[in-house]
Amino acid sequence: MPKGTSDNYDFMKSCLSSYSTSYPTSHLTASCRSRIMAQSQASSHYATSHGHSKTVLEMHSWRTAENSAPYLLPYLEPHMQILDVGCGPGSITIDFASRVPQGHATGVDYALGPVEAARTLALLSNVPNVSFQTGDIYSLPFPAGTFDVTHTHQVLQHVAEPVKALREMRRVTKPGGIVACRETDIQTYIFYPEAKGLSLWVSLIGQIGRMNGCEPQAGRSLGAWARQAGFDTAGVTCGAGSWCFSTPAQRAYWGGSIVSRFEDSNLSATAVSAGLATKEEIEDSMQAMKEWITHEDGYFALLHGEMIARV
């Protein structure tokens with residue numbers, strides 16, 4: 001986890017958990033306030049099985065431009081208009097906005113809950129040049145050629161038609177602009193020490209994804225998807241980045257969030273109902289994760305595929 005990530009996560013988690021209690025919400029309807037951290041109902045063409053439970057939002061909220069989009073930062077200029085597709089709780093979007101003071105960042109997510117959380121986080125962060133709205137990645141609510149940069153992070157792996165999504169991202173990007181994507185690849189997940197329960201967790205994530213029409217090896221597919229979406233391959237650059245969790249604080253964050261996701265989201269029930277694992281096997285897997293968290297030599301790393309595609 002990059003420097004400052006743990007502190008950022010604590011701040012974002014505080015923002016999310018205090019949304020409906022300590023922060024003034026008179027500008028929102030009672031219905032919006034009550035739904036802010038509820039799991040949102042996904043549109044049928046979104047294949048993700050993780051949902052937007054409170055735990056998932058908290059896990060995503062430590063993400064910043066620095067630790068999640070470093071490959072894109074050299075391309076940003078102060079005047080740019082940026083679209084962040086699948087923005088979740090908005091932490092990356094807000095960071096983008098702070099880096100384009102004469103420009104604007106817009107975050108879009110299909111679910112209302114994350115959008116409302118992102119709006120509140122923007123207010124708490126005192127970043128004025130950012131906005132959030134709901135939208136469909138296959139039919140973005142913007143005219144053609146609106147944005148200098150259209151960005152997505154860990155989203156294409158969760159949709160059923162990533163090529164169609166890329167075509168739409170390309171449509172709303174200005175000629176000469178950038179479509180930027182970062183996606184993980186599940187076959188690059190490595191743990192030390194190795195354990196049967198940890199391997200089971202990796203296997204379950206991949207199987208559930210594919211069962212829902214997703215591609216858990218999305219990172220390696222970005223260049224091919226861009227070509228299929230109509231990008232000129234001469235303007236497409238693919239690379240790789242990484243995350244690593246090895247300190248006690250990093251292991252507590254990453255491993256703890258994994259355990260909570262299985263407890264708070266529908267992942268565990270999905271795995272059992274699909275016959276991928278028994279309840280006891282999942283419990284053993286989560287116990288292995290807890291033991292990894294406290295292991296003095298515990299280490300976890302993964303690779304992301306990264307892409308800059310010129311329009």
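Buried here means under 20% relative accessible area, and both R182 and E306 fall in that class. Keep that cut-off in mind, since burial comes up again and again below. What you're looking at is a predicted model. Its protein chain carries 12 helices and 8 strands.

**The chain as a whole**

- Of the 311 residues in the protein chain, 55% are buried.
- Take the contacts with a separation of 6 or more: 79% of them come from residues 24 or more positions apart.
- About 13,000 Å² of the protein chain is exposed, and carbon and sulfur atoms supply 50% of that area.

**Salt bridges**

- Side chains of opposite charge can pair when their charged atoms come close.
- The whole structure has 6 salt bridges, and three pairs are worth a look here.
- R182 and E306 join through their side chains at 2.9 Å, N to O. R182 sits in strand β5 and E306 in strand β8, so this pair ties together parts that are 124 residues apart in sequence.
- K174 pairs with D148, and their closest N and O atoms are 3.3 Å apart. This one bridges strands β5 (K174) and β4 (D148), so it ties together parts that are 26 residues apart in sequence.
- The two partners are covered as follows: K174 is partly exposed because its relative accessible area is 28%, while D148 is buried because its value is 14%.
- D95 and R99 make a salt bridge too, with the closest N and O atoms 3.1 Å apart. Both belong to helix α5 and are 4 residues apart, about one turn of the helix.
- With a relative accessible area of 17%, D95 is buried; R99, at 34%, is partly exposed.

**Aromatic pairs**

- A search of the whole structure turns up 14 aromatic pairs.
- Y189 and F300 form an edge-to-face pair, because their planes stand at 85 degrees, and their ring centres are 5.6 Å apart. The pair links distant parts of the chain: Y189 comes from the loop between β5 and β6 (190-192), F300 from strand β8, and 111 residues separate them.
- Both Y189 and F300 are buried.
- F245 and W254 are stacked instead, at 4.6 Å centre to centre with 25 degrees between the planes.
- F245 is buried at 0% relative accessibility, and W254 is buried as well, at 6%.
- These two pairs feed into a cluster: ring pairs link Y189, F191, W201, W243, F245, Y253, W254, W292 and F300.

**Charges over rings**

- K164 has its charged end over the ring of Y138, 5.0 Å from the ring's centre.
- R170 does likewise with F231, where the charged end sits 5.4 Å from the centre of the ring.

**Helix α7 and its packing**

- Which residues of helix α7 (residues 162-171) are buried? They are P162, V163, A165, L166, E168 and M169.
- Those buried residues pack against β1 (81-85), β4 (147-153), β5 (173-184), α9 (222-228) and β8.
- Strands β4 and β5 are on that list, and they also hold the two ends of the D148 and K174 salt bridge.

**A buried threonine in α5**

- T93 belongs to helix α5 (residues 91-99), the helix that also holds D95 and R99.
- Buried or exposed? T93 is buried, because its relative accessible area is 1%.
- Setting aside neighbours within four places in sequence, T93 is in contact with D84, C87, A105, T106, G107, V130 and F132.

**A nonpolar patch on the surface**

- I190, Y192 and Y299 make a nonpolar surface patch of about 310 Å².
- Y299 lies in strand β8, which spans residues 299-310. At 34% relative accessibility, Y299 counts as partly exposed.
- Strand β8 thus appears in several of these topics: Y299 in the patch, F300 in the pair with Y189 and E306 in the salt bridge with R182. The strand is also among the elements that the buried residues of α7 pack against.

Key
Residues are numbered from 1 along each chain as its sequence is written. This is a predicted model: local features need pLDDT of at least 70, side-chain atom pairs count only at pLDDT 80 or more; totals for chains, interfaces and linings use all residues. Side-chain values use heavy atoms; hydrogens and water are left out. Patches are made of residues with over 30% relative accessible area and no salt bridge: like charges are joined within 9 Å, nonpolar side chains (Val, Leu, Ile, Met, Phe, Trp, Tyr) within 5 Å. Accessible areas come from the Shrake-Rupley method with a 1.4 Å probe; for residues, only the protein chains shown count as cover. A salt bridge is a side-chain nitrogen of Lys or Arg within 4 Å of a carboxyl oxygen of Asp or Glu. Buried means under 20% relative accessible area, exposed over 50%, partly exposed in between (1.4 Å probe, protein chains only). Contact means heavy atoms within 4.5 Å. Rings of Phe, Tyr and Trp (its six-membered ring) pair if their centres lie within 6.5 Å; planes under 30 degrees apart count as stacked, over 60 as edge-to-face and the rest as tilted. A charge sits over a ring if NZ of Lys or CZ of Arg is within 6 Å of the ring centre and within 35 degrees of the ring normal.
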